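Colleague: Can you put the model up? I have a few quick things to ask about it.

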Amino acid sequence: MKRSFDEHAVASQFQPGDKIMVLLPVPGPSLSARFTGPYTVEEKLSDTDYIICTPDRKQVTLKEKLSTSSQVQEKAKGTEQLKVSGEPSSYLAGKQRRQPGFMPTADRMADNGRGEADGAYDISEIPPWDEGLHSMETMENSRSQIHVKEKKHGVIVSFRGSMRRVGEKSPLSLKHKGSKNKTEMGNISDTQVHPSPSDPLQSPQNQKSQPSHSRTQSDSVVHLGGELPKKREPGRWSFRMGSKKEKTAPPTPKQEQLEVVTEILISTEQRMPEVTAGAVEDKLLYTLPEIPLAPLSVMQINKLIEMEVLEEAYLNLLSLRLEFQRDQKALGEEASSVELSHKEKDLSLLYKALRNKLTNIIRQSCALPSRNKELLVLVACIIEEEEKREGDLGGMVGWRKAWRDAVQDGLQDTIKGVHLDSHEQSTSWLAVHLGLLGKAVVEDLEKVKTELVSSYPPSFNVFETYVSSCHEVVGEHLKGLLGKVTETKDYHALLDFIIHRYQSEKVMGSISLQPELKEEQRTLTLDGDFLDQLKTGYCSRLQADVRSSLDKVIELEHEEMWKDSRKPDIDEDLYNSYIHMDIWTNIKGKFQATRGLDVNLEQKVMCTCLDELNKFPRRFESAFVEWSGAVLESPLWAIYHVTYINSFSALKEHMEGYSESCPQQVEQLGKEVDGLIHRLSQALVEHFKTDVKPFLRRMMTRKWLSSDEDFQQLAKRVETLSQQCKHMSPQHAQELVSEVHFFVVKEYISQLMKNNYSCKNRKNERAASKMSEQWCELRELFQEMNSEENWLYPVGDHLSKIVGQKNKSEIKNNLKPLIDDYPDIGKKHLSAVLYFRGMIRGRERQVILQKLTELKRLHSNAGNMQHAFFADIQPAVNTDCLANMPFSCFSVLIPES
């Protein structure tokens, strides 16, 4: 029925001045209720609560259901105000409990507990018992109906009577128990309560200024059995139910007469602080009543425990325990009987049932704080009482430990109820869960601080116990989560929660938990092994991520550059692929993310990531060499080499910033990068050498003398390399240019030493001129490339002068500058130069060679040996047997004059 109504129900909104119809209860069957009105809306409190004017009604405030009236009548006048609610479930739940003369029985108590747990009404409120809608005649008729029902039941068994009596004393039925704002009153059957003159709120003066509002039914005092509830002991209220005989007797006029007690309406804000303070004070002063001499049966006590009538159950349990002790004492310590054994077993079972019930109440105290708040007073009292009786026969030990375990179990239930998605459902599953976990922890501790602490004596240290238990439960929960963590961001979220978030103002440092929660109590205590395991897993996962990201860098380079043979961009006059930026940004991001967690962990992460980065240069080189073989003849081959020399040089510079934190790893990375750069440079040099060697081999030959084609090809390759080196990082470009410069000069001069050609018939002058021109061109090329090998420039000039000297006797005069610049030149080297000039044999040749020997001896004594050039050049062997014969051997052949 409710579902059908809700499907077609339409929300109605009213404004002050609107005319409305009100559904009011009437005496008799509830289905005969009807709409009355129209009434005028005076004030709108919320979307469902309104204050309306009911001039034709004489009763007090009600909580009723509204319905819009389509027929607007003339405006009604009146001064009485009525608060209306649009919640049918609350109204119906309240209506049943507000029937005149209604009294909760033991059968209804369990239902009342369920209703309170479901939120039908707040357990801290007094059940609203309606006496305002009926006239005195209607109230008498209602009481007559109740009397008929009681008479119809006849004689009730003793257990039923006990249930009714303890039900009236149960915390579940007496929500106003212990309130200090209640005025202790005697029999007021014929007395009407008037405000005290000393009360400023209820003085006649104030009454005139107050509207003629009546107090709500939930605040009214109910007259039952001719007496009001009276206070038996501190913190306890009871009803005198009367004997069975009194119940079955017809009601006396005194019982039938029920005076309506009214008083000036006091706002909630004025009443609540006093009620709360009184309730707390009463709970702290709570003591158990006297133990009955004769206990109930075991089944009855167990039933009381199940119904959470703890006080009556515990008193009877203590009575049974004392009875057992007396029986044991009467029989003696060594004596035994079957009955005594059964009684001991019954005690054990009852105590176990009681402990289980207390454990459940404690366990659910945070989930249902309002319902269990007053029950916890009894729980604490029972625990303290059992601790006092510890060691006596028939009892049970470990109550305080059981309380702590129940507290911990309750927190575990709360944490298990926190929403947790799987990794497949959400990539941020752990971050979301930890956020909800922190919120749940704060909410539970707030409930403990505001609602549960007041139910316990100070000796329980309730808040501190909940905080320490929370640390333990959360720690165990996080250990369970670690097994589900596979991604770096989840490791990071878990570490951040443990190290920072848990003790921050978002969780344990929340303002709502201060000042009870001290700063030294905020830190989450975990096993050192667990935290180390978590950090190790985080580092290992980061290392795997770095390896994966570096592999993706290679794949990206292949897709964007190699696959389409795209020419690299030129950034700041250097070829650049930005591969170093991808690597450095990725690594730096991991360092920065860890820096916010822990300094020591950051250093460990740095070393781990750099260890993985040390393996990258060779992996990259392997992939690059495999691809570059297909474009070996393309100009892009050399350009890509220059590009990656630049990129890895920049990467090395970036990583040197971490040398203080990880010196060994940075040093090893520098070696790996330098090795890669050297191999890339060597590949460039070897490629250049392979390319120009065919042209250099044809230098100093007959074809060379007649054609410049080979030299022009050589110069063209040198110039191409020069253009490529302009876009290379200066440091490595200088090294490459120096090596290429030395190679070209050495190979060019080496052709003079191979005896490939000998200039005859004055061809030496043309050869020297050509040699000098080409040498000048090479010098200009290498000077443009900023070669620092300046010591190589004179060798070509010296040798060209020797080759081009017209007078053979003047050749020896050109030897000294040559030896000064290149003292490693040998006799064989000069002999090969003379051969190229055309001086294959002869006296002048021997004189020149002898002069070289003398000059080298003098230079050797001076000890000036700066550069070695000719030492690496192997001259050709002259096959002419007379070419190297000493000049003195020819003196016998000279005729005498």
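**Loops, helices and cysteines**

Modeller: Start with D573, which sits in the loop between strand 8 (569-571) and strand 9 (574-576). Helices (H or I, at least four residues) and strands (E, at least two) are DSSP runs, numbered from the N terminus.

Colleague: What's the ground rule on numbering and confidence?

Modeller: Residues are numbered from 1 along each chain as its sequence is written, and this is a predicted model, where local features need pLDDT of at least 70, side-chain atom pairs count only at pLDDT 80 or more, and totals for chains, interfaces and linings use all residues. Side-chain values use heavy atoms, with hydrogens and water left out.

Colleague: Back to D573. What is its phi?

Modeller: Positive, about 65 degrees, although D573 is not a glycine. Most residues other than glycine have a negative phi, and most peptide bonds are trans.

Colleague: Is D573 buried, exposed or partly exposed?

Modeller: Partly exposed, because its relative accessibility is 48%. Buried means under 20% relative accessible area, exposed over 50%, and partly exposed in between (1.4 Å probe, protein chains only).

Colleague: And N761, what's its phi?

Modeller: Near 55 degrees, a positive value in a residue other than glycine. N761 is in the loop between helix 26 (730-750) and helix 27 (763-784). Its relative accessible area is 74%, so N761 counts as exposed.

Colleague: Which peptide bond is cis?

Modeller: The one from Q514 to P515, with omega near 0 degrees. P515 is in the loop between helix 17 and helix 18.

Colleague: How do those two helices pack?

Modeller: The axes of helix 17 and helix 18 (residues 528-562) come within 9 Å and cross at roughly 150 degrees. So helix 17 is roughly antiparallel to helix 18. Axes are lines fitted to C-alpha atoms, for helices over the stretch in contact, and angles run from 0 to 180 degrees between N-to-C directions. Under 35 degrees counts as roughly parallel, over 145 as roughly antiparallel, 65 to 115 as roughly perpendicular, and the rest as oblique.

Colleague: Left-handed or right-handed?

Modeller: The crossing of helix 17 and helix 18 is left-handed. That label applies if the near helix is turned anticlockwise from the far one by less than a right angle; clockwise gives right-handed.

Colleague: Which residues make the contact?

Modeller: From helix 17, T488, Y491, H492, L494, L495 and I498. From helix 18, F530, L531, L534, K535, G537, Y538, R541, L542 and D545. Contact means heavy atoms within 4.5 Å. By class, this contact has 9 nonpolar, 3 polar and 3 charged residues. Ala, Val, Leu, Ile, Met, Phe, Trp, Tyr, Cys and Pro count as nonpolar, Asp, Glu, Lys and Arg as charged, and the others, Gly among them, as polar.

Colleague: Zoom in on L534. What does it contact?

Modeller: Leaving aside neighbours within four places in sequence, L534 is in contact with L482, Y491, L494, L495 and I498. L534 belongs to helix 18 and is buried, at 0% relative accessibility. The C-alpha atoms of L534 and L494 are 8.6 Å apart, with their positions 40 residues apart along the chain.

Colleague: Now helix 15 against helix 17. At what angle do they pack?

Modeller: About 25 degrees, with the axes of helix 15 (residues 429-452) and helix 17 (residues 488-501) 8 Å apart. Helix 15 is therefore roughly parallel to helix 17. Their crossing is right-handed. Helix 15 puts in W429, L430, A431, L434, G435, L437 and G438, and helix 17 adds D490, A493, L494, F497 and R501. Those residues divide into 8 nonpolar, 2 polar and 2 charged.

Colleague: Where does T450 sit?

Modeller: In helix 15. T450 is exposed, at 54% relative accessibility.

Colleague: Switching to helix 30. How many of its residues are buried?

Modeller: 9 of the 11 residues in helix 30 (residues 827-837). Just after helix 30, G838 takes a positive phi of about 110 degrees.

Colleague: How many disulfides does the search find?

Modeller: The whole-structure search finds 0 disulfides, a disulfide being a pair of cysteine sulfur atoms within 2.5 Å.

Colleague: Why no bond for C366?

Modeller: Because the closest cysteine sulfur, in C470, is 9.6 Å from the sulfur of C366, too far for a bond. C366 is also buried, at 6% relative accessibility. C607 is buried too, at 18%.

Colleague: Last one. What's the overall tally of helices and strands?

Modeller: 31 helices and 9 strands. Of the 897 residues, 46% count as buried.
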